[in-house]
Structures are given as C-alpha cells and as structure tokens.
Amino acid sequence: MARDFDEEVRLSVGEFVRLETRDGIGTIRLERPPMNALNTQVQEELRAAATAATADAGIRAVIVYGGEKVFAAGADIKEMAGMSYVDMAERAADLSSALGAIARIPKPVVAAITGYALGGGCELALACDWRVVAEDAKLGQPEIKLGIIPGAGGTQRLARLVGPARAKDLIMSGRMVDAQEALRIGLADRIAPAVEVYDTAVAMVRPYLDGPVQALRAAKLAVDGGLDMDLSSGLAWESQLFAALFATDDRREGMAAFVAKRKPDFTGR
C-alpha cells in the first residue's frame, strides 16, 4: 500500500512566512498584512521556507498561499524608494535568487492566488509550476509605472510561459489581467471561487503525493533545465535523467506492478 502521511500539522514559523505541513503537503504561507509586500525579510524567509520544504522528505508537494484576501501585491516600494544603484546592484541578485529557491523546489509546486499577484507577487507565482487563480484575482507586472522593470524573474519566466509578445505587452504596459485573460494566455492554469482556491490547489497536487518521488523530481528537472538549452542539449539532458531512474527502487516497483497488473507501492527511493 502507498505510505500513510502524518495527519498532524508541523509548523515552522518566520515572522512573515511560515511552512505548514499536513498529509504530505507543505504550505508556504505569507502573512504580512495588509498586502503581503515582499520586503527583504519576506524574501529571505521565502528562501528559508523553500529550503526547508526541499529538505523535508515528508513533504511531497508544495502550495504557496497568501491567504483568503491577497496573494502578494508586490515588492515593498517604500523600502526600495531610498535605494541607490549601488544599493540595488548589491541586492538584486539576492532578490532574484530568493524567488529562484521556490522555482528550484524539486517537487510539484502550486501557487494559490487570491486578490492581487502583482510585481514581485506575480514573479513569486511564476516561480511555481502551476497557478490556481481566484475568479476576482488580478495579476500583472506594473514595475514600468515606477520607471523600472521586473527584477526577480518576471521578464524571463513570464516570456517563457506566455510567449515574448504577450510578456512584452504586460511588462511594457504595466497593465493587470483578470482571471479569465490569465487563463486564456496561459498565466493561470485553473480558476476557482476565492474561497475554494486553496482547496483547488490541494486537489491539483494530491495525485502526486504517493507518486514516484525521484521520477517526479527528474521530470521537473528535465522540463525546467531543458528550457535553458538548445534542443540537442535538452534531449541529452533528458536521456541522462531517464537512464538515472533505472537505479531507483520505484522504477523497479513501477515496472513490476505494471507486469503484475496491480497498483504500484512507491516508496520514494
């Protein structure tokens, strides 16, 4: 039988970001009211939560959630307003890598978006594998209206997700898109009533909870890594990951179960 997950909630708390674990799902929750602005402390707490979720073998999938009212309405502009070029030149790489830590979690990751996901909040959502969006949510990269551009992955991940022309439209206009447009252009994967967004995200990741951990990790590495390569290099990368999975117990169990016409009992090894 598939493994039983701990039904208890284990809580790791930062001041503004916490990691909750229940039944194999880790929830990275932002709690910096009123708008979950991503100041330096929040960014570093997101990095810490991503590191903890990566290291915890009991976590099989992750949901990033800002609560019932708002996902994250962007970076902390008051914090940035007084920064010089030298200040930001020293900080920019850390800002990008903090959200990159979310993207590098080697497990399925879903953003559960209510209210607003703007600027750095949209970039946080882009770092996830999928996005569940509330019916009344608004998403966008409005940095151009501040005389800057997205600096935590927005120009790169958005273009890869929706294509360069649509990405330029959103980034250069700074306009917000509603849930229906987000779904149409590929920025959202599912739409749900705001009160059901988190539960919808849980339903999205539930099929992965008793899946083959190493194969899921390899699938994510193959797709994400391949996007940074030419086709020939990507195919070689895929072949390497494919062959490596033949060293896992789950590969043996999966094939044995297929031959025996039974459900596989994956152990994550």
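The paragraphs below walk through this predicted model, from the whole chain down to single residues.

Let us begin with the overall build. The protein chain contains 11 helices and 10 strands. Its C-alpha atoms fill a box of roughly 65 × 45 × 35 Å along the principal axes. How does that fit with the length of the chain? For 269 residues, a compact globule would have a radius of gyration near 18 Å, and the protein chain, with 19 Å, agrees with this. Of these 269 residues, 43% are buried. The contacts tell us about the fold as well: taking those between residues at least 6 apart in sequence, 65% join residues that are at least 24 apart.

Now to the outside of the protein. The chain has an accessible surface of about 13700 Å², and carbon and sulfur atoms account for 57% of that area. As for charge, there are 32 positive and 37 negative charges, and their mean positions are 3 Å apart.

A good element to look at next is helix α8, which covers residues 197-205. Its buried residues are Val197, Thr200, Ala201, Val202, Met204 and Val205. In an α-helix there are 3.6 residues a turn, so residues three or four places apart point the same way. With that in mind, have a look at Val197, Thr200, Ala201 and Met204 in the structure, which are among the buried residues of α8. And what do the buried residues of α8 pack against? Their partners are strands β3 (25-30), β4, β5 (109-113), β7 (130-134) and β10 (190-192).

Strand β3 leads us on to the loop between β3 and α1 (40-55), where Pro34 has its place. The peptide bond from Pro33 to Pro34 is cis, with omega near 5°. The loop between β3 and α1 also holds Asn36, a residue other than glycine whose phi is nevertheless positive, near 55°. Most residues other than glycine have a negative phi, and most peptide bonds are trans, which makes this a loop worth a careful look. Is Asn36 buried or exposed? With a relative accessible area of 4%, Asn36 is buried, because the cut-off for burial is under 20%.

Another positive phi turns up at Asp23, at about 50°, although Asp23 is not a glycine. This residue lies in the loop between β2 (17-22) and β3. Here the surroundings are more open to view: Asp23 is partly exposed, with a relative accessible area of 27%.

Asn36 also brings us to a second loop, the one between β4 (61-65) and α2 (77-81), where we find Gly66. Gly66 is buried, with a relative accessible area of 10%. Leaving aside neighbours within four places in sequence, Gly66 is in contact with Leu30, Asn36, Phe71 and Ala112. Gly66 and Thr114 are 48 residues apart in sequence, yet their C-alpha atoms are 7.4 Å apart in space.

The loop between β4 and α2 is also the place of Ala73. At 28% relative accessibility, Ala73 counts as partly exposed. Not counting residues up to four places away in sequence, Ala73 touches Met35, Asn36, Tyr116 and Leu118. Asn36 is thus a contact of Gly66 and of Ala73. From Ala73 to Val177, a separation of 104 residues in sequence, the C-alpha distance is 14 Å.

For contrast, turn to Val13 in strand β1 (residues 10-13). At 60% relative accessibility, Val13 counts as exposed. Val13 and Ala194 are 181 residues apart along the chain, and 25 Å separates their C-alpha atoms.

Finally, the cysteines. How many disulfides does the structure hold? The count is 0. Cys122 is in no disulfide, and the nearest cysteine sulfur, that of Cys128, is 11 Å away. Likewise, Cys128 is in no disulfide, with the sulfur of Cys122 as its nearest, at 11 Å. That distance does not meet the cut-off, because a disulfide needs the two sulfur atoms within 2.5 Å. Both residues are shielded from the surface: Cys122 is buried with a relative accessible area of 2%, and Cys128 is buried with 5%.

Technical notes: Residues are numbered from 1 along each chain as its sequence is written. This is a predicted model: local features need pLDDT of at least 70, side-chain atom pairs count only at pLDDT 80 or more; totals for chains, interfaces and linings use all residues. Side-chain values use heavy atoms; hydrogens and water are left out. Helices (H or I, at least four residues) and strands (E, at least two) are DSSP runs, numbered from the N terminus. The radius of gyration is taken over C-alpha atoms; the globule rule is 2.2 Å times the number of residues to the power 0.38. Buried means under 20% relative accessible area, exposed over 50%, partly exposed in between (1.4 Å probe, protein chains only). Contact means heavy atoms within 4.5 Å. Accessible areas come from the Shrake-Rupley method with a 1.4 Å probe; for residues, only the protein chains shown count as cover. Lys and Arg count as positive and Asp and Glu as negative; His and the chain ends are not counted. The place of a charge is taken as NZ of Lys, CZ of Arg, CG of Asp or CD of Glu.
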